[in-house]
Amino acid sequence: MTDAGLVAEKLPVDPVEVAPERDLMSKFDALIAERQALIDTGVTDPFAIVMEQVKSPTEAVIAGRDTILLGTYNYMGMTFDADVIQAGKDALDQYGSGTNGSRMLNGTFRDHIEVEDALRDFYDVSGAIVFSTGYMANLGMISTLVGKGEYVILDADSHASIYDGCKQGNAEIVRFRHNDVNDLDKRLGRLPKDAGKLVILEGVYSMLGDIAPLKEMVAVAKKRNAMVLSDEAHSMGFYGPNGRGVYEELGCEGDVDFIIGTFSKSVGTVGGFCVSNHPKFEAIRLACRPYIFTASLPPSVVATAATSIRKLKHAHKKRAQLWENARSLHAGLKALGFKLGTETSDSAIIAIILDDQERAVAMWQALLDGGLYVNMARPPATPAGTFLLRCSLCAEHTPAQIAIVLKMFEAAGRSLGVIG
Amino acid sequence: MSDRQAIYDTVTAQIEPFNKKGVTLNDATTFQGDLEWDSLTVMDFVAAIEDEFDIIITMNMQAEIETVGQLVDAVAKLKG
């Protein structure tokens, strides 16, 4: 053994300059310049916000100022639930801070099993597999399920994790126009009859907050002998009699083969999962690279998730309050004259549509300076070249907070000429 | 008129509504470089071509197609 492996490697203080044409970082010059131009106008960087303190699911301190949070995915406000926090503390005390390994080797602890049991109960299914993030759940499920010579048929507005799952696999990828049932049917009809097919849908599309006509789309997929995967990340906890998602609300439970979900939204921690009634579902654990070749979630995370999921099952009051909040904000913004992503209050996401980046940033900045945080989203994340100020509601927002929020939108919208 | 010429004429006719810069088209015209299309335009255009010829151009195939000529050849092959 030599000493070489024991000496900490250091980057040189004055690295030798790489010729621009050979510098791999040169490809980012345009991106760096665009960001700098935005900063130079004097605005706060919308993609570099720091929460200095978090006081509750709806309040934080940003740049020294008390701020109402209206741009998180903490739909059910579970992050500060006393039972959830206690479960995490107990797990830290009993099992330590991490698992140091893959689920497949040494990384499965009691609470990984417990959270998968909680998911089976919540969704009333026979199978549940937990991944380290929601992104990895899509990446793993799509790339593993659909192989060479088979087809993935996906909505054009699908989340990046769905597109990346397609790229990671070997299947043929076909897109259809967003939420267009006829377009899906037409494209399925052009594919080879005998090839395996997976149609991927989302209950709620997160940019505009619109929901999918799942009943019709699932019927078309079944007619064409395709299996169906629905990503219900933005609907867990508050759609359907048991809060399972849009697919439950629209009565498609028997026909959706795989449900993808996340712990980072309504559940209030981090992690992803897939649930299914397929009798061979467990085989995914043996074949899925994003499940096998990564460390499992820390014990405190799965313990908080399990407790949160068990509480979400009975969170009828929170569910009602969340819908009440979404409806009142949607109605208020509409009455003020803002252009919104959906005609009615379809989800817990309300997107205000603006036509140019300058006004979107100015509006976002005015709101932040007044003590309100919303998400700013821009192409390519957004559909059809739109700039969005996205509001996402929490069950813990109070009617008083919604009233304050509407006043802030009114003042910012009028001073910038967005509304009359 | 050959089959390829007929496909070429239909493809270029479909390009026109998206040809905002009025670029003169030939087999070597590139979608990204010459026509400067973004991913959303490509998506709309591909859907239009698919519907016109009643074919599917998978995203895997799209990744290999850079020029008008390559698209015409791909359509000819897919039409069989």
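How many bridges join strand 2 of chain A to strand 3 of chain A, and do these strands run parallel or antiparallel? I looked this up first, bearing in mind that the model is predicted. I found four bridges between strand 2 (residues 59–62) and strand 3 (residues 65–69) of chain A, and the two strands run antiparallel. For one bridge I noted the residues: I62(A) has R65(A) in strand 3 of chain A as its partner.

**Entry: the sheet around these strands**

I then followed the sheet outward. I recorded an open sheet of four strands in chain A, in the order 1-2-3-14, with mixed pairing. Strand 1 (51–56) and strand 14 (372–373) of chain A each have a single partner strand, so they stand at the edges and one side of each is left without a neighbour in the sheet.

**Entry: chain A as a whole**

I counted the secondary structure of chain A as 14 helices and 16 strands. Its radius of gyration is 23 Å and the globule rule gives 22 Å for 420 residues, so I consider chain A as compact as a globular protein of that length. Taken along the principal axes, the C-alpha atoms of chain A fill a box of roughly 65 × 60 × 50 Å. I noted that 46% of the 420 residues of chain A count as buried. I also looked at contacts in chain A between residues at least 6 apart in sequence, and 72% of them join residues at least 24 apart.

**Entry: helix 1 of chain A**

Is helix 1 of chain A enclosed, or does it lie largely in the open? I found that the number of buried residues among its 12 is zero, so helix 1 of chain A lies largely in the open. The helix covers residues 29–40 and reaches 16 Å from its first C-alpha to its last, close to the 16 Å expected at 1.5 Å a residue. Just after helix 1 of chain A, I noted that G42(A) takes a positive phi of about 95°.

**Entry: strand 4 of chain A**

I turned next to strand 4 (residues 127–131) of chain A. Five of its five residues are buried, so the strand is largely enclosed by the rest of the structure. I checked both faces and found them covered: G127(A), I129(A) and F131(A) are buried on one side, and A128(A) and V130(A) on the other. Strand 4 of chain A pairs with strand 12 (residues 272–276) of chain A in the antiparallel sense, over five bridges. Within this pairing I noted F273(A), in strand 12 of chain A, as the bridge partner of V130(A).

**Entry: strand 6 of chain A**

Which residues cover the two faces of strand 6 of chain A? I listed E172(A), V174(A) and F176(A) on one side and I173(A) and R175(A) on the other, all of them buried. Since five of the five residues of strand 6 of chain A are buried, I regard the strand as largely enclosed by the rest of the structure.

I found strand 5 (residues 151–155) of chain A paired with strand 6 of chain A in the parallel sense, over five bridges. The bridge partner of I153(A) is V174(A) in strand 6 of chain A. Between the topics of pairing and connection I added one note: strand 5, helix 5 (residues 160–168) and strand 6 of chain A make a right-handed β-α-β unit.

**Entry: the contact between the chains**

I recorded 12 residues from chain A and 10 residues from chain B in the contact. On the side of chain A that touches chain B, strand 6 (residues 172–176) of chain A gives the most, with four residues. I sorted the residues of that side of chain A into six nonpolar, one polar and five charged.

**Entry: chain B**

I counted four helices and zero strands in chain B, and along the sequence I read the pattern α-α-α-α. A compact globule of 80 residues would have a radius of gyration near 12 Å, and chain B, with 12 Å, agrees. The C-alpha trace of chain B spans about 30 × 30 × 20 Å along its principal axes. I noted that buried residues make up 16% of the 80 residues in chain B. Of the contacts in chain B with a separation of 6 or more, 58% come from residues 24 or more positions apart.

**Entry: N375(A)**

Why does N375(A) count as buried? I found 21 C-beta neighbours inside 10 Å, and therefore N375(A) counts as buried. I placed N375(A) in strand 15 (residues 375–377) of chain A. Leaving aside residues up to four places away in sequence, N375(A) touches G71(A) and R390(A). I also noted that N375(A) and L388(A) are 13 residues apart in sequence and 7.9 Å apart in space, C-alpha to C-alpha.

Methods: Residues are numbered from 1 along each chain as its sequence is written. Chains are lettered from A and ligands numbered from 1 in the order in which they are written. This is a predicted model: local features need pLDDT of at least 70, side-chain atom pairs count only at pLDDT 80 or more; totals for chains, interfaces and linings use all residues. A residue is buried if 20 or more other C-beta atoms lie within 10 Å of its own, exposed if 12 or fewer, and partly exposed in between; C-beta atoms are placed from the backbone. Two residues are in contact if their C-beta atoms, placed from the backbone, lie within 7 Å. Ala, Val, Leu, Ile, Met, Phe, Trp, Tyr, Cys and Pro count as nonpolar, Asp, Glu, Lys and Arg as charged, and the others, Gly among them, as polar. Two strands pair if DSSP finds at least two bridges between them. A crossover is right-handed if, with the strands pointing away from the viewer, the path from the first strand over the helix to the second runs clockwise. The radius of gyration is taken over C-alpha atoms; the globule rule is 2.2 Å times the number of residues to the power 0.38. The expected span of a helix is 1.5 Å times one less than its number of residues.
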